[in-house]
Amino acid sequence: MPFKLLIVDDSQVCLMLTRGYVQAIQPDWLCSIAGSAEEAMTLIELQHFDAYSLDYNLPGRNGLELARWIRGRDPHCFIGLLTSNMMNYIEEQAVTDKINYYRKPATPDVIQQFVHDIRRYKTAYFNNVVK
């Protein structure tokens, strides 16, 4: 079964860049996109995703609120908050909620780190589940 990533951002440019960089690094992953928390929630209700890239500033619910909703459905998924919002309390809340925090712009280096962190998380989670 292919690995599935959902990228949520209200910027079409960021959606396309992030998906393109991820697929260049990890071409076997299926990357879906959503432009709002509500659109993401609809997709999540229809299918399972293994990991998420969420912007903080979204129409409706913000990225942290969406992350909490996702965690309520899947407590063991990987969530990364990829945002240009530099408020310290957002980063602190992300860390408290066990959400990886990445600063935009979504450059190849930032997305490389994001993909690396997902791989590391998958390996650690799989090793703990199998033991």
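1. Strand β4 has cover on both faces: Phe78, Gly80 and Leu82 are buried on one side, and Ile79, Leu81 and Thr83 are buried on the other. That makes 6 of the 6 residues in the strand (residues 78-83), so β4 is largely enclosed by the rest of the structure. Keep in mind throughout that this is a predicted model.

2. Who are the strand partners of β4? On one flank there is β3 (residues 51-54), paired with β4 in the parallel sense over 4 bridges. If you want a register mark for that pairing, Ala51 stands opposite Phe78. To get from β3 to β4, the chain goes through helix α3 (residues 63-73), and the β-α-β crossover is right-handed.

3. The other partner of β4 is β5 (residues 100-103), again parallel, with 4 bridges joining the two. Here Thr83 stands opposite Arg103. The connection runs through helix α4 (residues 88-96), and this β-α-β crossover is right-handed too.

4. Stepping back to the whole sheet: it is open, has 5 strands in the order β2-β1-β3-β4-β5, and the pairing is parallel. β2 and β5 stand at the edges with a single partner strand each, so one side of each has no neighbour in the sheet. From one strand to the next, the twist averages 20°.

5. Now the β1 part of the sheet. β1 is joined to β3 by 4 bridges, with the two strands running parallel, and Val8 stands opposite Leu54 of β3. β1 also pairs with β2 in the parallel sense, this time over 5 bridges. The bridge partner of Leu6 in β2 is Ser32. Helix α1 (residues 12-25) carries the chain from β1 across to β2, in a right-handed β-α-β crossover.

6. Helix α3 deserves a look of its own. Its buried residues are Gly63, Leu64, Leu66, Ala67, Trp69, Ile70 and Arg71; note that an arginine is on that list. The cover over these buried residues includes β1 (4-8), α2 (37-46), β3, β4 and α4. At the N-terminal end, Asn62 acts as the cap, with a side-chain oxygen 2.9 Å from the backbone nitrogen of Leu64.

7. Asp55 is one I'd check by eye. This residue is found in the loop between β3 and α3, and it is buried, at a relative accessible area of 4%. What does the side chain of Asp55 make a polar contact with? The partner is the side chain of Thr83, at 3.4 Å, and Thr83 is also one of the buried residues of β4. Setting aside neighbours within four places in sequence, Asp55 is in contact with Val8, Asp9, Asp10, Gly63, Leu81, Leu82, Thr83 and Lys104. Two other aspartates, Asp9 and Asp10, are in that set, along with one lysine, Lys104.

8. Ile99 is another loop residue, this time between α4 and β5. Is Ile99 buried or exposed? At 6% relative accessibility, Ile99 counts as buried. Leaving out neighbours within four places in sequence, the residues in contact with Ile99 are Leu64, Ala67, Arg71, Ile79, Gly80, Leu81 and Ala94. Among these, Leu64, Ala67 and Arg71 are buried residues of α3, while Ile79, Gly80 and Leu81 are buried residues of β4. For Leu64, the C-alpha atom is separated from that of Ile99 by 8.7 Å, although the two residues are 35 apart along the chain.

9. Ser36 sits in the loop between β2 (30-34) and α2. With a relative accessible area of 14%, Ser36 is buried. Not counting residues up to four places away in sequence, Ser36 touches Val8 and Pro59. Val8 also turned up above, as a contact of Asp55 and opposite Leu54 in β3.

10. Last, the cysteines. How many disulfides does a search of the whole structure find? The search finds 0. For Cys14, the nearest cysteine sulfur is that of Cys31, 13 Å away, and Cys14 is in no disulfide. Cys31 is likewise in no disulfide. Cys14 is buried, with a relative accessible area of 9%, and Cys31 counts as buried at 10%.

Definitions and conventions
Residues are numbered from 1 along each chain as its sequence is written. This is a predicted model: local features need pLDDT of at least 70, side-chain atom pairs count only at pLDDT 80 or more; totals for chains, interfaces and linings use all residues. Side-chain values use heavy atoms; hydrogens and water are left out. Buried means under 20% relative accessible area, exposed over 50%, partly exposed in between (1.4 Å probe, protein chains only). Two strands pair if DSSP finds at least two bridges between them. A crossover is right-handed if, with the strands pointing away from the viewer, the path from the first strand over the helix to the second runs clockwise. Contact means heavy atoms within 4.5 Å. A polar contact is a pair of N or O atoms within 3.5 Å; within protein, one must be able to donate a hydrogen and the other to accept it, and residues adjacent in sequence count only if both atoms are side-chain atoms. A disulfide is a pair of cysteine sulfur atoms within 2.5 Å. Axes are lines fitted to C-alpha atoms, for helices over the stretch in contact, and angles run from 0 to 180 degrees between N-to-C directions.
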